[in-house]
Amino acid sequence: MDEPVDIESLARLVKEERLRRGRLSLRAAAEQAEVPFNTLARVEKGDLPDLGNFRRIVHWLGLPPERFFVPPQVRTETTPDVIAHHLARDPNLSAAAADKIASLVRDLYTTLAESSESVRVHLRAAQTFRPPAARKLADLLESMQASLDTMPDDES
């Protein structure tokens, strides 16, 4: 993302808001947001509006403008943070869905990372893997388990 504004998120939220407000047309939504129709159409396609229109659109969405400003460098400290960051930018997910999935991942990660006992995992989808993929996955998991078994207790 080269823009300092998360335009992908803005585009997705504008479309979601139009649907949430009874499947508003772009023209009706533009009138409500008090921006030109062409501007709102371009925003939904991923174009950055000028500052005045950006403020009106964000106000129409009922969100603070700072929500859309991307920090110069995203600092992620944990695996769940990295996953949450990517989920938040997935155009196929609503903000609520991304938050919910990130919360589940964070809870699962925390639970498994704190466990001092071995965790057995059964892949229900194992039958859908082609044999070479299943063998590679099994080799990878065995390698990971062997590495964990050789780690001193204070590093695991």
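1. A quick definition to start: a cavity here is a set of grid points where a 1.4 Å probe fits but cannot get out, and its lining residues have an atom within 4 Å of a point. Keep in mind as you read that this is a predicted model.

2. With that in hand, have a look inside. There is one cavity of 30 Å³ or more, and the space in the largest cavity comes to about 30 Å³. Its lining is made up of Asp6, Glu8, Ser9, Arg12, Ala88, Arg89, Asp90 and Pro91. Helix H1 gives the largest share of that lining, three residues. By class, the lining of the largest cavity has five charged residues, two nonpolar and one polar.

3. Next, the second largest pocket, which has a volume of about 150 Å³. Which residues line the second largest pocket? You'll find Asp6, Ser9, Arg12, Arg67, Ala88, Arg89, Ala95, Ala98 and Asp99 there. Asp6, Ser9, Arg12, Ala88 and Arg89 turn up in the lining of this pocket and in that of the largest cavity too, so it's handy to view those two spots together.

4. Where does the pocket's lining come from? Helix H1 (7-20) and helix H6 (95-114) each supply at least two residues, with H6 giving the largest share, three. Five of the lining residues of the second largest pocket are charged, three are nonpolar and one is polar.

5. Now turn to a helix pair. The axes of helix H2 (residues 26-33) and helix H3 (residues 37-44) come within 8 Å and cross at roughly 110°. That makes H2 roughly perpendicular to H3, because angles of 65 to 115 degrees count that way. On the H2 side, Leu26, Arg27, Ala29 and Ala30 make the contact, while H3 brings Phe37, Leu40, Ala41 and Glu44. Six residues of this contact are nonpolar, two are charged and none is polar.

6. One residue of that contact is worth clicking on: leucine 40, which sits in helix H3. Is leucine 40 buried or exposed? Leucine 40 is buried, because its relative accessible area is 0% and anything under 20% counts as buried. Leaving out residues up to four places away in sequence, leucine 40 touches Val14, Leu26, Ala29, Ala30, Val35 and Ile57. Among these, Leu26, Ala29 and Ala30 belong to the H2 side of the helix contact.

7. One last distance to check on screen: leucine 40 and alanine 11 are 29 residues apart along the chain, and their C-alpha atoms are separated by 8.9 Å.

Note on methods. Residues numbered from 1 in each chain as written. Predicted model: local features only at pLDDT ≥ 70, side-chain atom pairs only at ≥ 80, totals over all residues. Heavy atoms only, no water. Axes fitted to C-alpha atoms, helices over the stretch in contact; angles between N-to-C directions. Helix = DSSP H or I, 4+ residues; strand = E, 2+ residues; numbered from the N terminus. Parallel < 35°, antiparallel > 145°, perpendicular 65-115°, else oblique. Contact = heavy atoms within 4.5 Å. Nonpolar A, V, L, I, M, F, W, Y, C, P; charged D, E, K, R; others polar. 1 Å grid on protein atoms, 1.4 Å probe; cavity = no way out; pocket = protein on both sides within 12 Å on 5 of 7 lines; lining within 4 Å. Points joined across faces, edges and corners; volume = space filled by probe spheres on them. Buried < 20%, exposed > 50% of the residue type's maximum accessible area, 1.4 Å probe, protein only.
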